[in-house]
Amino acid sequence: MTRDYWLQVAYQLQDRCRREPGRKVELLLRMTDAYLKAHYYDAATMVCRSVLKLEPFNVQAMVRLGRCLLGKKEFKAAEKLYSSLTDLVASLDEAWWGLWAAFKGQKEHKAAAKAVETILAKKPDDKRARKQAAEDREAAGDTEAAIFHLEKLYERGEQSSDIAHKLAELLLLCSEKCRALHYLEVALDQDRTQPELLLLAADTAFSLRDWKKAASLATERLEAGAFSCRALELLGRARLELDEFDGAILSLERLVDKAPDNLSYRLLLAEAFYRAGELKDAEVELNRCLA
């Protein structure tokens, strides 16, 4: 619907208010909604105040007045109004969402999270509130609380690749590598052609000393997209840890070909040659490093 359409609706409702005085409050509230949809916040505010003159404690008028303030980016005023409204009607979800929006407008992420967590205390299966609580807790730097909300979402069937990926990233920030790898594998089970995710999973598996899994994931990463030095390095290192010297040497030689000036790659290749018993080749690589 266009802006002009909603303005026309508002004008029609204004005319009906004159013809149907018994339904004046109901029609004024609908007129406010029309102005809000047209983004005419000043007109919507004026109509809301007309309702509140007739019924000073009309909750729906107060909710709409808060939306007007949010639309005009008067976030502090909206916060005061919605705070009063939540004190007046603590069970009103619209008021808590309004308070959340007011805090978000002021970038007060912790307070915003607390507002939606009040809804979750009554409605733990509210997915929208749960997602928003996770997002706001993360923005506030409360990583553990964000993980808690995302895992609740996951337990309740929201097992998308995006949720699993975000959980893995947050768990890695908390050094929870085993749990992170689990969620990375969940995300990959839905789509194994995600290069960034494959590399992150390979890196995580390698840090957990799961050499076989790291090698397998690094191989998938190399097959999934553009060339990656890190994936090839992980593959070479994992094969070296598995004593698969021929495979390690092949991977590391390819890596050195791609990045001949990288000293750490040449040292790694020298180590692979040395452990494979190919001492002359190891010496050659070491001399190149010294040169």
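**Reading packed helices, one contact at a time**

Tutor: Let's start with one residue: setting aside residues up to four places away in sequence, Glu79 touches Leu99, Ala102, Phe103 and Gln106. Keep in mind that this is a predicted model.

Student: Thanks! Where does Glu79 sit, and does it count as buried or exposed?

Tutor: Glu79 lies in helix α5. Buried means under 20% relative accessible area, so Glu79, at 13%, counts as buried.

Student: How do I read a pair of packed helices, and at what angle do α5 and α6 cross?

Tutor: Two packed helices are described by the angle between their axes and the distance between the axes. Here helix α5 (residues 75–88) and helix α6 (residues 93–105) cross at roughly 155 degrees, and their axes come within 8 Å. An angle over 145 degrees counts as roughly antiparallel, and α5 and α6 are therefore roughly antiparallel to each other. The crossing of α5 past α6 is left-handed.

Student: Which residues of α5 and α6 make the contact?

Tutor: From α5 come Phe75, Ala78, Glu79, Tyr82, Ser83, Leu85 and Thr86. Glu79, where we began, is one of them. The α6 side includes Trp96, Leu99, Ala102 and Phe103. Sorted by class, the contact of α5 with α6 has 10 nonpolar, 4 polar and 2 charged residues.

Student: Let me try another pair. How far apart are the axes of α11 and α12?

Tutor: Helix α11 (residues 177–190) and helix α12 (residues 195–207) have axes 10 Å apart, packing at an angle of about 150 degrees. That makes α11 roughly antiparallel to α12. Again there is a handedness to read: α11 passes α12 in a left-handed crossing. On α11, Lys177, Leu181, Leu184, Ala187 and Leu188 make the contact, while the α12 partners include Leu197, Ala201, Thr204 and Ala205. By class, the contact of α11 with α12 has 9 nonpolar, 2 polar and 1 charged residues.

Student: What covers the buried residues of α13?

Tutor: The cover includes α11, α12 and α14 (229–241). When you read a buried face, remember that an α-helix has 3.6 residues a turn, so residues three or four places apart point the same way. In α13 the buried residues are Trp211, Ala214, Ala215, Leu217, Ala218, Arg221 and Leu222. You can also check the length: α13 (residues 211–224) reaches 20 Å from its first C-alpha to its last, close to the 20 Å expected for its 14 residues at 1.5 Å a residue.

Student: How many of the residues of α2 are buried?

Tutor: In α2, 10 of the 14 residues are buried, making the helix mostly covered. Among them are Val25, Met31, Asp33 and Tyr35. The cover over α2 includes α1 (3–19), α3 (41–54) and α4 (59–71). The length of α2 (residues 24–37) agrees with expectation, because its 14 residues should span 20 Å at 1.5 Å a residue and its end C-alpha atoms are 20 Å apart. Just after α2, look at His39, which takes a positive phi of about 65 degrees.

Student: One last residue: which helix holds Arg266, and which residues is Arg266 in contact with?

Tutor: Arg266 is found in helix α16 (residues 263–275). Leaving out neighbours within four places in sequence, Arg266 is in contact with Val256, Pro260, Glu285, Arg288 and Cys289. The relative accessible area of Arg266 is 14%, so Arg266 is buried. For a sense of distance, the C-alpha atoms of Arg266 and Lys104 are separated by 51 Å, with their positions 162 residues apart along the chain.

Notes. Residues numbered from 1 in each chain as written. Predicted model: local features only at pLDDT ≥ 70, side-chain atom pairs only at ≥ 80, totals over all residues. Heavy atoms only, no water. Axes fitted to C-alpha atoms, helices over the stretch in contact; angles between N-to-C directions. Helix = DSSP H or I, 4+ residues; strand = E, 2+ residues; numbered from the N terminus. Parallel < 35°, antiparallel > 145°, perpendicular 65-115°, else oblique. Left-handed = near helix turned anticlockwise from the far one by under 90°. Contact = heavy atoms within 4.5 Å. Nonpolar A, V, L, I, M, F, W, Y, C, P; charged D, E, K, R; others polar. Expected span 1.5 Å × (residues − 1). Buried < 20%, exposed > 50% of the residue type's maximum accessible area, 1.4 Å probe, protein only.
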